[in-house]
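Please open the structure in your viewer and keep the selection tool at hand. The tour below goes from stop to stop, saying each time what to select and what is to be found there.

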Amino acid sequence: MSTETSDKKIYGILAEVRNPKELIDIARTVNKNGYKKYDTFSPFPIHGIDKAMSLQKSKLGWIVLSHGLIGLTGALAMIYFMMVVDYPLNISGKSLMNIPAWIPVTFELTILLSAFGAVFGMFFLNGLPKLNHPLFTSENFKKATNDGFFICIEAEDPQFEPEKVHHLLSDAGATNIEEIRDDT
Amino acid sequence: MSDQKTNDTTYWKSLNELAKNKEYQKYAEREFPEDASELTDQVSRRSFLRVMGASIALAGFASCRKPMQKILPYSRQPEEQVLGVPNFYATSMPFQDTVAGLLIENSEGRPSKVEGNEQHPSTRGKTSIYHQAAILGMYDPDRSRNPQLAGEQVSYSDFAEFAASHFAETDRNILFISDASSSPTRHRLKTDIQSRFPNSQWVTHEPFSDDNRVEGTNLAFGQRLRTVNHFDEANIVVSFDDDFMTPSGHKNSVEAAWQFSMARNVNAVEDTMSRLYSIENSYSITGSMADHRLRLKSSEIEAMIFALAARLSQDLNGLDAYTDYSNSMSGHEMVETLAGELIANRSNTILTAGTGYSPAVHATISALNSALGNIGTTVTLHNLPFRDNVDNTTAFAEAVSQAQAGAFDTVVILGTNPVFTAAADLQFADAISNVETKIHLSEYVDETSRACDWHVNQAHFMEAWGDGYAYTGQRSIIQPQIAPLFEGVSDIELLHTILTGESGSGYDLVQNTWRNVLSGNFEREWERVLHDGIDDNSDGFSNASVSIQSGFASQIIPMLETSITDRIEITIKPDPTLFDGRYANNGWLQELPDPMTKITWDNVALMSPSTARSLGLPAERDFASDEVPMVRIDTGDGAIEIAAWVQPGHADDSITLYAGYGRNTIGRVADGVGVNIYPLRTTGAPYYRTADISAVDRMYEIACTQDHNSIEGRDMVRAATLDEYRENPNFSTYESVHGYEVPGIDAAERESDDYLAKGGPISLFDEQYGPDYQPQWGMAIDLNTCFGCGVCTIACQAENNIPVVGKREVSRRRIMHWIRTDRYYEGDEDNPGVYHQPVPCMHCELAPCEQVCPVAATVHSEDGMNQMTYNRCIGTRYCANNCPFKVRRFNFFNYSDEYLTTGDDPEIIQMAMNPEVTIRFRGVMEKCSYCVQRVNRAKIETRKATGSRKPEDGTVKTACQQACPANAISFGDLTDRNSVVSQHKMNERNYVMLEEINVRPRTSYLAKLRNPNPELS
Amino acid sequence: MSKTYEYVPEPALVKGNHDFSSINSLITDINLRPTPKGWYIAFGLSNLLLFVLLGSIAYLIWEGTGIWGLNQPVGWGWAIINFVWWVGIGHAGTLISAILFLFRQDWRTAINRFAEAMTIFAVMCAGIFPAIHVGRIWVIYWVFPIPNSMVMWPNFNSPLLWDVFAVSTYFTVSLLFWYVGLVPDFATLRDRIKSKVGKMVYGVAALGWRGSNRHWWNYEKAYMILAGLATPLVLSVHTIVSFDFAVSIIPGWHTTIFPPYFVAGAVFSGFAMVLTLMIICRKIYGLEDIMTVDHIEKMNLIILVTGSMVGFAYLMEFFIAWYSQVEYEKAIFIIRATGPYAWAYWIMISCNVISPQFFWSKKLRRNVTFTFIISIVVNIGMWFERFVITVTSLSTDYLPSSWGYFSPTIWDVLTYVGTFGLFFTFFLLFLRFMPMVAVAEIKGAMPQADPHNYDPETGDYSPQEIEIPEPNKESV
């Protein structure tokens, strides 16, 4: 407990639990105690943890929808400009507004743009890429991508007090409780 | 391209270059070509094309030289023909002892395209494949480029020096062997020569001439006469193996074909058609037009003619000679039928026999014609002012044996190539080896040149002055289109040198002749003749008055015994595309599919399916392979091995061989192609004879452009008899063919004569059509007159710079021709009907090729043409796949580049190209463009002249249309109701292929008609 | 009451008793342990083939399309056949990861990474052909709507152009899908690998993933949406490929059945290819616990179904040809079965229609060797299907005069063989450097991952009894 002796600013307190169930439980406790800035870590998504942490519905859907619409209208506009406005040609005697023939390309571009939205939107919402993070200073945390289940309460939380957090976590049965400091 | 006049120093300079050029020396001096089979493998296919240009850089100067004498442009334009920007000069093309009137398109001082001369009866603006291909023949870099003495290159003045001394001794025993010629000038010089050299002898040698026909008239009437058949006058034409519509079968084929199609031209139910009976051994294109065709061995045909005469002698006077005669063909049902027809149509019939048959046969034909009263009406006979009153064939044979015996110290051979073409038993080469001095004038250093010590390079007819008579006797002057590319001399110039020892000018020689011919102001008359290309004061040879000569019977009777055996018989004919071999080095003709077999680059042994089976050969070709079995043909005098080809409709126990192939030392194109069959030919049996045939255990690759012969019961070709047509004029509509309307079509719409309203089946789209203020181009092809000669293909090739791709590429089905002629057999394999169908691009209204191109490289123009944008094409070949007619052609390799830019002096072959048409490069698609360059030229001219967008009907002629001797192709503006093409499209025989797939072709067809004898059906 | 049916519990996805970390090492150790010799040999061989491909492409560009056996009626040959064949194979991956995901088929986790990788490399092989089969390869970029010297645009009516968009979209989306799945596993490798360079590389690839459940929350959403997008995409791609034929007017091509029929064929060949590769890898890398016989059986069932669908399509084509009474349609199908290409047709039938029928037998379904053989047979058959469609229709279409036979040249063969070089070069790199099974996903699919499988009191792992539905308690 040498918080003040260290020169580096404290980032948060990390604790480990044994399995998904305990992670849910501890997450629920922390959440009940009114902590906002905390996070749980597991090697795979855990069902039901969203309720325990009372996470908001993801905004990703809207991002994808908007991209999809851009793809749709963009494609139609492009083809219309190219085939009808800019360089109209008599091709097989077909009418210039040969919409049925435009569907495949329009469809593909809609999908493509939506997919971009989904992937890059997700990374954006998750604040990734973020190649460096205080948690990576903890050797123990490496297990998070293997078989470790962690919870971390961050110093930014208004009601963050190292001792209280300590007790809260240890009472909830967490082990390997350690303070994480900004490595900058 | 600087100096406009021939510059001797330049010439000598280039000769030195010639001497320096290793590659050329090697070629010129080597006895036999290094590899005769160059064309057969794909890599050296390219090397063949390279050597097409290989030799001295001479043409660079040639290309910009104008002739030195004054020649006149063809400025006054006949009706219905507006000639374009380039100048057109009238000239005429000699072929044996005839000339055909031509116009030569001359761009920037170089001839680039041959058309017929509208004013000349021999062509009437039409052409044959030989005329069209003459351009490439002149620009052939393999032509001999200088005189040679014992293979050493010398100059013509060297020869003149030699001649001056050699022919100073006028008592020499000189043998002149010449090709047949109708030139008055040459005739004049010939008489001079005969008087100057009393001991000289002059004989004519043509391997395939109509001498026997002439001898026939001599036998029958006691005069050597030219027989002219007027096919447009006859109701009944009986052709005994006379392929009079093919240039290889008849010297006047263009006029003959035109007349025949006139007599068969049906535009309405009331029109009449002549009837053609064809009795032949192999399937000729004339036979394919026949209403009744009988296949017989040549010996049987001969017998049938005699039998027919015998039969008719019962009803007609003047045939007493045949009264008691009979043979195995007597009583043949065809004899009876013919007898009935001929008697019923007296003096409106024509009988004619193939030139190969004996004088006796032709005498009989003449006798029949005169007995039937045809002479003077449908058949006329004429004296030939230039012809010696001798039998050329025997005269030549005798002369050769005298030479063998050493009777001559000098032999002068003009043009002809006897070492290659003379009958095998004459052993010509051996014979003239006993002659001390041998002089040969020829365009190529050929077999005969190698057997002679002096070779003089002959000028092409487009390079030299000359003159001649048309087949029917109109006089024409041959005016050169360009100064000789290789400094060649003409036959008359050579004769002049022999006479005087000086090199003379053909111009003066011809003028000297014509001074005595033309009356009035010579200069004016001369220019008029040059301008028109014909001396219209000369209206043909005078008719000879004839009657069967006394003693005809006694002469003919001993000749009538026939030699029919059950052994297999070979019949030797000139090749439809190469003739006797003189055109063997012409890439266009080599690659033109044979009209019947569709074989390119080879000759084969044609036989009937059952004959093939009897020889243990398959009667059907393996669709999956180009290999065909070979046979050995042994006549006792000679033997050859040649690929066997099954020709449905060929006579049984008979094999037809085409001469002209198997040349070895004349040029890169000809060398090693096909088999030389002259060794099988003897003076005794020049036409047909029995032989031993045996299958050989070897296969041979044949490049055939049509692998599937049957039409599979499909409706591409629609036909009816004249009577059926009269009963049901709409026999060719989709409904009458299939029994139901095209699904979803608005029939009312289709019946309308407004092409814009002409609908197809209902469509999901509202179609775009060409706007009405533009001409809307369309084409109609009359299958009733088309006889499949293939001149459209060559004309198109010449007009549109289509490359020659070589045998291997053709056998891979990569031929580049924009218009092909499909040939379908119908009925039983022994005597099937044959249909010819020219297929250019259909220029579909709703072109399936356009919508599938990812880069819009093929789209529709405002005047309704389906256009290819070469420089936009990326070569996906999707358009070709999606073309139901498979008319698109892809540049799989850089054909044009190989064809035009390799070798030391590619300029030569380049000069043959049409400057108005883009050369296509590797990886792009190409196809028939409706000769868009001609169309646009006409549109521009019209716009300038009248301000109208729409050229007069007939001002635009596509190359194929202009060349077609049968007027089968019509092209024009569909918005003009009165244009010929609109009329044709409103004709009830008009139909389009594949109507049900609703691509709406702009090219339509007029259904074929036949006129069979009602009694036989 | 008599028992109406028996309740069959889902077999466990992972055999043997593994916990998270043992699974973790089982898969990722493959990437961490030193490269085995065998890998180098295999890699060398596939490099050789890759050079064959590059060589024949170089010669093609130098000499021209003429080096192939193409001719006047048959303008498309092996290039297009190979293109369609590879694209078809490339359908399994996305199908497995997307459609099976939407259907909550958890068994997919064992093979989806693997299949997606195969998809991407197969599509790369496929993509080569449309690019090189054109006559003027150097202007191939004209198919993209980018301004050029001709101020022209591509023709959006052309199925080939649709192809350009479909295939490139498919490739991009598959790649993203694959990468998204890979991110957590890269993180795993980052945290396990010792070497500095490895840490850097995997670290960058993992984008700093740390397993935060707030991230997982968006992540799963994204994955779900991607799956939702990829599903219609994967169906559309082969549909559009089939348009290349169906939109044209050539008999035997102009058929409305093509889209479903092509898609079924694609799944068919794709699954076969996955099996071929999987059966080899599970043996070599000892992953029998993850890629179990149950997986093989499930995939064989799909092969059986799709194979039968393809067979049905063949019959349907004949029926419609007869029913429509279009003479050219009728003709082409008779020619296919009896004409010059009958040999190809019957190879196709026996490989695609007959061979999968063996999988009606459970024994054969679960027989690894037999499955391996069939999986290869199926892909041979599917190649011939494309051959039959492409070549026969072109070589004998409307005008008998232009009928012609197609036979390939050595260059056709070498180019095709070469693409296997490309495929295996990339595939071997994948096996070496990326976890060939989706580690995170498979952990999530293990019973230990389910919070309900823990004792509420002690919090120890205690899997619950299987819930047996009411009506037939007594049946068990």
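## A glutamine side chain in chain B

Begin with Phe231(B) and Gln259(B), where the backbone nitrogen of the phenylalanine lies 3.5 Å from a polar atom of the glutamine side chain. Please bear in mind throughout that this is a predicted model. Gln259(B) belongs to helix α9 of chain B, which covers residues 253–264, and with a relative accessibility of 7% Gln259(B) counts as buried. If you display its surroundings, leaving out residues up to four places away in sequence, you will find that Gln259(B) touches Asn229(B), His230(B), Phe231(B) and Asp232(B).

## A glutamate in a loop

Next select Glu463(B), which sits in the loop of chain B between β16 (454–457) and β17 (466–469). Is Glu463(B) buried or exposed? Its relative accessibility is 4%, so Glu463(B) counts as buried, the limit being under 20%. A polar atom of the Glu463(B) side chain lies 2.9 Å from the backbone nitrogen of Leu485(B). Apart from neighbours within four places in sequence, the contacts of Glu463(B) include Met138(B) and Arg143(B), and also Pro480(B), Ile482(B) and Pro484(B).

## A hairpin in chain B

Staying in chain B, select strand β1, residues 87–95, of which seven of the nine residues are buried. Now add strand β2, residues 98–107, which pairs with β1(B) in the antiparallel sense over nine bridges. At one position along this pairing, Phe95(B) stands opposite Thr98(B) in β2(B). The hairpin has two residues between the strands, and Gln96(B) takes a positive phi near 50 degrees there.

## Backbone angles to look at

Most residues other than glycine have a negative phi, and most peptide bonds are trans. With that in mind, select Leu994(B), which is not a glycine and yet has a positive phi of about 50 degrees. Leu994(B) is found in the loop between β37 (990–991) and β38 (1003–1006) of chain B, and Leu994(B) is buried, with a relative accessible area of 0%.

Then move to chain A and select Asn176(A), where phi is again positive, near 45 degrees. Asn176(A) lies in strand β4, residues 175–181, of chain A, and with a relative accessible area of 42% Asn176(A) is partly exposed.

Still in chain A, select Leu128(A) together with Pro129(A), since the peptide bond from the former to the latter is cis, with omega near -5 degrees. Pro129(A) is placed in the loop between α4 (99–125) and β3 (149–154) of chain A.

## Rings in chains B and C

Which residue lies over the face of Phe892(B)? Select Arg814(B), which is placed there at 4.4 Å from the ring centre. A similar view can be had in chain C, where Arg104(C) lies over the face of Phe101(C), at 5.6 Å from the ring centre.

For the last stop, turn to pairs of aromatic rings, of which the count over all chains comes to 102. One of them is formed by Trp85(C) and Tyr416(C), with 5.6 Å from centre to centre and 75 degrees between the planes, an edge-to-face arrangement. Trp85(C) lies in helix α3 (residues 78–89) of chain C and Tyr416(C) in helix α15 (residues 410–433) of chain C, so the pair ties together parts that are 331 residues apart in sequence. Trp85(C) counts as buried at 3% relative accessibility, and Tyr416(C) is buried too, with a relative accessible area of 13%.

Notes: Residues numbered from 1 in each chain as written. Chains lettered and ligands numbered in written order. Predicted model: local features only at pLDDT ≥ 70, side-chain atom pairs only at ≥ 80, totals over all residues. Heavy atoms only, no water. Phe/Tyr/Trp six-rings, centres within 6.5 Å; stacked < 30°, edge-to-face > 60°. Helix = DSSP H or I, 4+ residues; strand = E, 2+ residues; numbered from the N terminus. Buried < 20%, exposed > 50% of the residue type's maximum accessible area, 1.4 Å probe, protein only. Lys NZ or Arg CZ within 6 Å of the ring centre and 35° of its normal. Polar contact = N/O pair within 3.5 Å; in protein donor to acceptor, adjacent residues only side chain to side chain. Contact = heavy atoms within 4.5 Å. Pairing = 2+ DSSP bridges.
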